[in-house]
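Reader: I've got this one loaded up and would like to walk through it with you. Mind if I throw some questions at you?
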Amino acid sequence: MIKIAASLRFMRAGWVLAREGVISALPAEELTGLLAIGHRMASLIARRRSRKVKRSERMSRAINRLGPFYVKLGQFLATRPDIVGRDVAADLSMLQDRVKTFPMQAAIAQIEASLGRRINDLFFEFGEPVAAASIAQVHPAWIRNNDGSMRKVAVKVTRPGLRQAFSCDLESFFLVASAAEHHMPAVRRLQPVNVLENLQQITRLEMDMRLEAAALSEMADNIAGQPGFRVPEVDWEYTGRNVLTMEWVDGIKILDRDALAIAGHDLNRLAVTLMQSFLRHTLYDGFFHADMHPGNLFVDRDGTVVAVDFGIMGRLGKKEKRFLAEILYGFIQRDYRRVSEVHFEAGYVPRYHDIANFAQANRAIGEPIHGQSVESISMARLLALLFEVTELFDMQTRPELLLLQKTMVVVEGVARSLDPQFNMWKAAEPVVGEWIVKNLGTAGFANDMVEGAKGLAGLLRRTPELTVRFDEITEGIRDMSVNGLHLDDDTIKRLAKAQARENRFGHYALWIIAFCCIAIIFRLFSDFYVLY
């Protein structure tokens with residue numbers, strides 16, 4: 001029954017996407033066979049009005065109609081142009097949550113169940129929702145302090161039934177993704193099951209408000225003492241799995257230029273602060289806000305940029321931070337050979353390619369940029385072009401770098417909206433240059449030596465354990481070479497069950513296709529009957 005329900009949910013999603021003209025608006029040049037037929041049939045059943053609007057608007061309308069899971073899936077795929085293509089990813093990046101609020105009583109029930117206390121014991125006053133998204137909605141509330149004073153807080157509450165709805169929709173996608181990997185070799189390289197597992201992990205983290213609170217807390221610790229940028233303070237006493245309570249931010253939305261100017265804020269300084277703060281979070285902390293669209297950024301009375309909504313965060317390791325800093329600095333200095341060497345040292349480009357050829361490709365990106373005015377140079381565009389070139393040199397997809405590039409596009413867009421003459425490279429050079437000096441100069445070499453010594457000491461301490469494991473592995477290989485590989489009964493049973501499951505997925509996929517075809521044909525005949 002669960003599989004049938006998942007199949008029906010997926011069929012409904014396909015119908016909505018087809019009717020809203022999303023499928024017919026997707027590129028079809030390389031489609032063949034059943035996929036090409038399906039695309040033509042989707043074009044026939046698309047609403048006529050959908051043909052008059054842009055593809056991004058069609059996507060937004062259909063995805064918001066399908067519900068929270070599809071909104072989150074669209075936002076996730078916007079960070080994976082390697083899967084959906086750059087044009088579709090650009091359209092999806094414009095997708096915003098346009099989800100209706102849910103009733104006050106449902107929010108109160110969520111809070112009371114999560115915190116184990118009655119709403120009147122928690123808050124002096126609890127207001128109507130002021131914002132809603134696919135995962136949660138935000139309420140203003142007031143808490144009475146011990147001294148009798150009042151403070152205003154923002155209470156973020158997850159949607160009732162959210163996890164069950166996500167689980168059902170994910171089940172339907174896993175069903176089709178598994179069947180596609182099994183029956184369609186061309187799809188396997190995209191690893192749809194792996195993509196869904198990644199999305200599942202991200203949404204599980206985002207749906208637990210305690211983890212968002214932890215991200216806020218970690219970011220606050222990282223930026224302590226940095227001027228010009230801050231995050232709301234978390235109130236842990238009023239935070240649980242389904243509710244996050246934090247400081248209420250009284251500020252002006254960062255894209256309200258007129259209001260910012262009237263308040264006396266320096267727009268150029270705000271643009272510089274935003275870009276430099278983002279680069280510091282990325283290069284120094286390796287932990288950055290990955291959803292910095294204008295709706296999540298405010299400017300308070302003191303001119304400090306305040307970021308909210310920490311459900312989606314990005315992380316970079318030491319190798320990724322060095323990669324980012326050196327390629328940016330290399331393009332600034334027009335050192336294309338060094339940019340190429342960094343790619344090879346990081347292992348992003350296979351060794352069988354020639355560094356000189358890769359440097360030539362990087363020069364083709366960098367030289368046209370240096371011929372432009374600094375105001376027109378886009379750092380995000382540079383990274384996008386770089387990733388396009390690296391595809392020619394068999395660079396493997398790096399999801400964390402794609403997420404970084406997507407976020408940089410948004411941050412750069414906000415900065416330029418504040419100041420159209422914003423000098424991106426002048427703002428970035430002090431931060432990138434300082435990181436290069438500290439991490440790749442004498443001090444950086446000394447730190448690497450210390451870390452190497454610690455790693456060697458740890459390896460020496462584990463030498464007896466590693467020796468025993470090596471002997472066990474050697475003995476196992478020797479036994480296998482003499483007696484062959486034998487599987488126990490439990491392993492054979494598990495393999496048989498897995499094979500049966502894959503076959504069952506294939507049958508479900510065929511039933512889904514059959515049902516869709518019947519529904520489409522029925523619809524076409526119905527329309528024909530009405531017309532004639």
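Reader: Which residue just after H17 takes a positive phi, and of about how many degrees?
Author: Bear in mind that this is a predicted model. The residue sits just after H17, and it is Gly347, with a phi of about 80 degrees.

Reader: Is helix H17 largely enclosed or not, and how many of its 10 residues are buried?
Author: The buried ones are Tyr336, Arg338, Val339, Ser340, Val342, His343 and Phe344. H17 spans residues 336-345, and it is largely enclosed by the rest of the structure because the buried count is seven of the 10.

Reader: Which helix gives the most to the largest nonpolar core?
Author: That core has 105 residues, and those with the most contacts inside it include Phe69, Ile254 and Phe310. Ile254, for one, touches Leu274, Leu297 and Val414, among others further than four places away in sequence. The top contributor to the core, with nine residues, is helix H20 (residues 399-418).

Reader: And how many residues are in the second, separate core?
Author: Leu122, Phe126, Ile143 and Val155 are among its members. In general, nonpolar side chains of soluble globular proteins tend to be buried together. The size of this second core is 17 residues.

Reader: Which strands stand at the edges of the open sheet?
Author: The four strands run in the order E5-E10-E9-E7, with mixed pairing. A strand with a single partner has one side left without a neighbour in the sheet, so the edge strands are E5 (229-230) and E7 (252-253).

Reader: What is the bridge partner of Phe229 in E10?
Author: E5 and E10 (residues 305-307) pair in the parallel sense over two bridges. For Phe229, the partner in E10 is Val305.

Reader: Is Ser277 buried or exposed, and at what relative accessibility?
Author: Ser277 lies in helix H15 (residues 267-285). A polar atom of the Ser277 side chain is 2.7 Å from the backbone oxygen of Thr273. The cut-off for buried is under 20%, so Ser277 counts as buried, at 2%.

Reader: How far apart in space are Ser277 and Gln226?
Author: In sequence they're 51 residues apart. In space, C-alpha to C-alpha, the distance is 8.4 Å.

Reader: Where is the pLDDT below 50?
Author: The protein's mean pLDDT is 78, and 74% of its residues reach 70 or more. One stretch falls below 50 and has two contacts in the model beyond near neighbours in sequence. Where pLDDT is low, the predicted coordinates should not be read in detail. The stretch in question is residues 524-532.

Conventions
Residues are numbered from 1 along each chain as its sequence is written. Side-chain values use heavy atoms; hydrogens and water are left out. Buried means under 20% relative accessible area, exposed over 50%, partly exposed in between (1.4 Å probe, protein chains only). A nonpolar core is a set of buried Ala, Val, Leu, Ile, Met, Phe, Trp, Tyr and Cys residues joined through side-chain atoms within 4.5 Å. Contact means heavy atoms within 4.5 Å. Two strands pair if DSSP finds at least two bridges between them. pLDDT is the predictor's confidence in each residue, from 0 to 100. A polar contact is a pair of N or O atoms within 3.5 Å; within protein, one must be able to donate a hydrogen and the other to accept it, and residues adjacent in sequence count only if both atoms are side-chain atoms.
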